[in-house]
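Colleague: Could you walk me through one part of this model in some detail? I work at the bench, so please spell out the terms as you go.

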Amino acid sequence: MADSWTQSVVCRYFKNGMCREGSNCRYRHWNDGNNETTSSSASSTNNVCRFFKHGICKFGNQCYFRHSTGTIDNNLINGNSIENSTEYASNISTSTARKNIKDNTRIAEEWVKAPEFVPLQVAGSSSTNEASTNSGTSTSSSMSISYAQAVNPSGQASSPSLEPLCPFAEATGICKKRNCTYLHGDICELCNRAVLHPYNEELRKKHTNACVKQHEVDMELSFAIQRSREKSCGVCFEVIMEKASGEQRFGILPNCNHCFCLSCIRKWRQAKQFDNKIIRACPECRATSDFVCPSMYWVDTKEEKEKLISDYKCALSTKDCKYFNKGRGKCPFGNKCFYLHALPDGTKTDVGPPVRQRRNADADVDILRQLILWDFFEERNSRWIYDVDLEDIVSLFSSSEESDWSEFEFPIE
Amino acid sequence: MANIAALRIQREFKEVIRSEEVAKCAIKVELVNDSFTELKGEIAGPPDTPYEGGNFVLEIKVPETYPFNPPKVRFITKIWHPNISSVTGAICLDILKDQWAAAMTLRTVLLSLQALLSAAEPDDPQDAVVARQYKEHPEMFRQTAKHWTYVYAGGPAKMPDLDDKIRRLTDMGIEEHNARVALSSYNWDLERATEQLFS
């Protein structure tokens with residue numbers, strides 16, 4: 001008659017109390033396995049009235065559905081024979097259910113004090129049972145314990161030092177709950193928040209240490225801003241912190257203490273019309289520096305400067321050198337390059353010392369010719385234009401003795 | 001003009017006007033046009049030099065690439081100095097050429113020029129005639145420079161005997177400045193100057 005699989009699925013019409021197919025339904029009706037003779041009316045009485053469950057059913061006794069708070073299992077035991085008695089009981093329970101709802105709304109205000117989490121329906125049924133025996137007692141009179149205690153059944157075992165702090169008070173310092181059962185921390189003098197655990201010395205210390213550290217970082221930053229604020233660039237004469245947002249960077253020269261913005265000092269060091277000795281020298285004091293270190297803030301002391309420069313070199317050493325190009329190119333700076341010389345598989349390679357330039361003009365010309373030829377092949381073969389323009393390379397190779405690192409871009413920050 | 005150049009000149013202009021050198025009337029800067037590309041500088045002749053008491057006017061042209069390139073400066077006031085052309089006013093000073101630094105300003109340039117007036121570099125001359133005189137006849141050089149300062153820069157020292165020699169030549173129909181140049185170049189030897197002028 002019916003497919004086997006449909007027999008395992010409960011008929012949704014039947015479930016809702018009415019199925020016109022009756023026993024011919026392809027889907028399973030209640031008790032189909034045990035008892036083939038369930039009628040639609042009988043099945044409907046097995047279903048509890050939804051409205052009754054909420055305390056109000058305008059049909060009262062005439063209701064098509066069962067008025068009972070008992071479970072389906074109970075109904076099955078009760079059966080149809082004692083329908084009348086259950087209906088009587090349901091009348092009583094209707095009134096008690098209403099009372100319970102009232103109680104619940106009153107109690108809801110003190111839900112935090114609830115002995116444990118009790119789902120509404122179960123609470124209703126249990127109080128129905130209680131209501132018949134001793135209607136005087138209510139949940140509100142029972143001992144109030146916090147959620148933390150409810151979760152941890154052996155309430156006494158948990159020490160107060162492990163109790164969590166009220167998240168509201170911790171985050172904002174304000175807890176609107178008048179009788180909040182959570183712990184409210186003491187105010188931390190540094191961050192002004194109620195985060196110090198009143199009983200746990202370790203947590204207190206931990207927070208204080210973190211706060212002090214954060215405070216130190218903040219102070220350092222504000223000192224850095226303070227000492228940088230007024231500094232102006234020796235080339236464009238503008239106050240660096242007041243420049244356009246992309247240009248508020250300092251170019252720190254390692255060998256002197258003159259202040260420039262990064263863009264100006266880089267532009268100066270790329271000037272083609274002067275000797276390398278001139279452009280690699282500080283525009284103010286002529287002290288020669290091999291590279292420019294970008295920085296968000298001005299550094300005053302030697303220690304700060306050393307740290308800045310070592311951080312800079314460290315950051316560069318993780319970036320691929322664009323000249324070495326993962327082994328495809330040749331880096332004129334050799335193993336003195338600040339950038340990473342690694343093959344595509346990640347292994348670092350030592351390319352040896354940088355190619356020393358001879359002062360002799362012929363040597364320079366030779367190298368240039370090579371480059372131009374190479375460039376020409378490159379372009380002819382792949383029509384791919386190398387992203388470093390020739391002028392860059394020329395200036396690189398024409399630089400005598402030491403190399404100028406400032407030609408590199410530093411995209412971090 | 002590139003923005004940075006104009007902005008920087010504006011700032012420098014304010015700076016130089018406030019500076020103590022201006023207060024002492026040692027240097028002066030004036031705008032020639034509104035775009036800050038051309039300025040007029042003025043320096044006072046340094047004390048204890050033949051240029052003392054004179055005021056020397058300079059033409060300053062600011063390139064678009066300033067301050068990455070030096071300003072172009074020349075003397076408008078005629079001056080007798082080994083490193084400055086007596087004809088064009090062109091200046092031979094390293095910082096205005098290959099020794100320029102981007103941190104230098106109009107003020108430092110003018111002060112450098114003032115220093116150049118008190119310490120000439122005859123071994124790196126702009127005007128070979130002047131340089132030779134400076135080395136071979138220092139006293140004659142001093143006289144000449146003083147005379148030029150008096151005539152062109154409003155200097156105090158009047159040189160009656162030199163004026164006399166010039167008048168002799170102007171009487172012959174020679175233009176005054178040409179007469180002065182010729183006499184200065186020949187160590188105020190009237191005969192040789194006349195010879196040169198009429199040859």
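Which residues of helix α4 of chain B are buried?

Modeller: Happy to help! This is a predicted model, so local features need pLDDT of at least 70 and side-chain atom pairs count only at pLDDT 80 or more, while totals for chains, interfaces and linings use all residues. Residues are numbered from 1 along each chain as its sequence is written, and chains are lettered from A and ligands numbered from 1 in the order in which they are written.

Now to your helix. In α4 of chain B, residues 128-136, the buried residues are Val130(B), Ala131(B), Gln133(B) and Tyr134(B). Buried here stands for 20 or more other C-beta atoms within 10 Å of a residue's own, exposed for 12 or fewer, and partly exposed for anything in between, with C-beta atoms placed from the backbone. Helices (H or I, at least four residues) and strands (E, at least two) are DSSP runs, numbered from the N terminus. Why do the buried residues sit on the same side of α4(B)? Because they cover an arc of only 165° around the axis, the arc being that of the directions from the helix axis to the C-beta atoms. On the face turned away from that buried side, α4(B) carries the exposed residues Ala128(B) and Glu136(B). The cover over the buried residues of α4(B) includes α5 of chain B, residues 138-153.

Elsewhere in chain B, strand β1 (residues 27-31) pairs with strand β2 (residues 38-44) in the antiparallel sense over five bridges; pairing requires that DSSP finds at least two bridges between the strands. Val29(B) has Gly41(B) as its bridge partner in β2(B). The hairpin of β1(B) and β2(B) has six residues between the strands, and in it Phe36(B) takes a positive phi near 60°. Asp48(B), in the loop between β2 and β3 of chain B, also has a positive phi, of about 60°, although it is not a glycine. Asp48(B) counts as exposed, because it has 8 C-beta neighbours inside 10 Å. In the loop between β3 (55-61) and β4 (72-75) of chain B you will find Pro67(B), which is joined to Tyr66(B) by a cis peptide bond with omega about 5°.

Chain B also meets chain A: 12 residues of chain B are in contact with 14 residues of chain A, where contact puts the C-beta atoms, placed from the backbone, within 7 Å. The side of chain B that touches chain A has seven nonpolar, two polar and three charged residues. For those classes, Ala, Val, Leu, Ile, Met, Phe, Trp, Tyr, Cys and Pro count as nonpolar, Asp, Glu, Lys and Arg as charged, and the others, Gly among them, as polar.

Finally, the cores. A nonpolar core is a set of buried Ala, Val, Leu, Ile, Met, Phe, Trp, Tyr and Cys residues joined through C-beta atoms within 7 Å. The largest has 70 residues, and those with the most contacts inside it are Cys233(A), Val235(A), Phe250(A), Cys261(A), Cys264(A) and Leu113(B). Apart from it lies another core, of nine residues, including Ile166(B), Ala179(B), Leu183(B) and Ala193(B). Leaving out residues up to four places away in sequence, Cys233(A) touches Glu238(A), Ile240(A), Cys259(A), Phe260(A), Cys261(A) and Cys264(A).

Note on methods:
Two residues are in contact if their C-beta atoms, placed from the backbone, lie within 7 Å.
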